[in-house]
Amino acid sequence: MQKVFKRALTVALTLGVLAGCASEEDTNQMAPLPVVENTIASTQVWSQTIGDGVEGYFSRLSPAIGYGKIFAADRNGLVKALDPENGKVIWQQDLQGDVTAKLAGGITLSYGKLFIGTENADVIALDEETGEEIWRTKVEGEVLAKPLVDNGMVVVNTSRGVLQALDAETGEAKWQLSSEVPTLTLRGDSSPVAISGGIFWGQANGRLAGALMNTGQMLWQQPIGSPKGATEIDRLVDVDATPVISGERLYALGYNGALVSIELRSGQVAWKRTYSSATDFAIDGSQLYLVTDKDHIVAVDTRSGTELWQNKDLEYRLLSAPAMISGYLVLGDSEGYLHWLDPYTGEFVAQQATDGSGFAIPPIALDDGYLVVTRDGKINKMQMP
């Protein structure tokens, strides 16, 4: 089966010409499935279906855990609250009206509510106890990334380069900031993050920005990448990966750019290393794990930026973002396999087959196991022995 290289896939989705690309011969071939001798195993606790999932669309729509429930949704607008112990449905809500809801950004939990963004430029708030819709607000562009909820506000980063803050109780607009959006961008946006009254997010123009949470006043902008090359695709510099705050530093990763460690107080660069990615990354202790645009898995020391190891055996398998599960590094691929790696060496310790529909998001850690969510809407709770 032919597979589309991640860069071509995201660009094609952005331009709305995926069908035209599907008939073309792929430039880059997916690496064969590695042969792995499993040293660990998981067991399934329960399984549930959440509508049609996200299917083949670009999406980072992810379940959220809180208030004693698991909340999950599909792109068409079906939202369910599940019992974590047995997977039974506590309530469900269908947000689809005259048109497909196109849920994409979320789910975020806070203030007794679920907050979800859509490709239709809506931000929706639901009651966590009943699923009842509390408010719905139009914003300036598609909401493809998870909203940030902090300090009584819901902040979304839209596809038009607008960072927009809404009142968490009413949905009323509070402030907005606009940034330049290049003619051609990747399909996706960076989720904002916040700490100590500051908010930070990646932009499609290759910059990481910081602003005051209360007012939206800009604090600083730091280039992560600069356009280079002869073609528009070569000049893509989106910062779509969600920044990560760890200690006194902020880490950001750009496409055709770099992995950057920034001092939070000053906005100055502590170190910068050349990596290209539009996929979220993970930090565990003093190690940072990322997936490059070629689907190479890399571990980096957060203190110095030194590369610790690199695994190229899953090249072009369209990997999910990495996640830490029970002390292991875990990633899903487009053929429905979960790959478990030793986080200190990058060597495989297990390979787990699912139903084959592939993964848009990584597994989600729970206190007593982890969740696996496939593109076709299956959500399974798993446990390690």
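Let's start with a sheet: in this predicted model, four strands sit side by side in the order S1-S32-S31-S30, making an open sheet with antiparallel pairing. At its edges are strand S1 (43–49) and strand S30 (364–366), and each of these pairs on one side only. Neighbouring strands in this sheet are turned against each other by 25 degrees on average, direction ignored. Zoom in on one pairing: strand S31 (residues 369–373) and strand S32 (residues 378–383) are joined antiparallel over four bridges. In one of them, leucine 371 has lysine 381 in S32 as its partner. What holds such strands together in general? Strands of a sheet pair through backbone hydrogen bonds.

Now move to strand S8 (residues 122–127). Five of its six residues are buried, so you can call S8 mostly covered. S8 has partners on two fronts, strand S7 (residues 113–118) and strand S9 (residues 133–138). Both pairings form hairpins, and here they are next to each other:

| Hairpin | Pairing | Residues between the strands | Turn residue and its positive phi |
|---|---|---|---|
| S7 and S8 | antiparallel, five bridges | three residues | alanine 121, about 70 degrees |
| S8 and S9 | antiparallel, five bridges | five residues | glycine 131, about 85 degrees |

If you want to find the bridges yourself, look for glycine 117, which stands opposite valine 123 in S8. On the S9 side, isoleucine 124 is matched with arginine 136.

UniProt, in an unreviewed entry, lists residues 75–311 as "domain: Pyrrolo-quinoline quinone repeat". In the model that span is 0% helix and 48% strand, and its end C-alpha atoms lie 33 Å apart.

Next, the aromatic rings. How many aromatic pairs turn up in a search of the whole structure? The count is seven. One of them is the tilted pair of phenylalanine 71 and tryptophan 91, at 6.0 Å centre to centre with 45 degrees between the planes. Phenylalanine 71 belongs to strand S3 (residues 69–73) and tryptophan 91 to strand S5 (residues 89–94), so this pair ties together parts that are 20 residues apart in sequence. Are these two rings buried or exposed? Phenylalanine 71 is buried at 0% relative accessible area, and tryptophan 91 is buried too, at 7%.

Tyrosine 328 and tryptophan 340 make an edge-to-face pair, 6.2 Å centre to centre and 70 degrees between the planes. Here tyrosine 328 is partly exposed at 23% relative accessible area, whereas tryptophan 340 is buried at 2%. Together with Tyr370, Tyr328 and Trp340 form one aromatic cluster.

Finally, a charge over a ring: arginine 75 lies over the face of tyrosine 57, at 3.6 Å from the ring centre.

Conventions. Residues numbered from 1 in each chain as written. Predicted model: local features only at pLDDT ≥ 70, side-chain atom pairs only at ≥ 80, totals over all residues. Heavy atoms only, no water. Pairing = 2+ DSSP bridges. Axes fitted to C-alpha atoms, helices over the stretch in contact; angles between N-to-C directions. Buried < 20%, exposed > 50% of the residue type's maximum accessible area, 1.4 Å probe, protein only. UniProt positions renumbered as here; feature names shortened; annotations may be inferred. Phe/Tyr/Trp six-rings, centres within 6.5 Å; stacked < 30°, edge-to-face > 60°. Lys NZ or Arg CZ within 6 Å of the ring centre and 35° of its normal.
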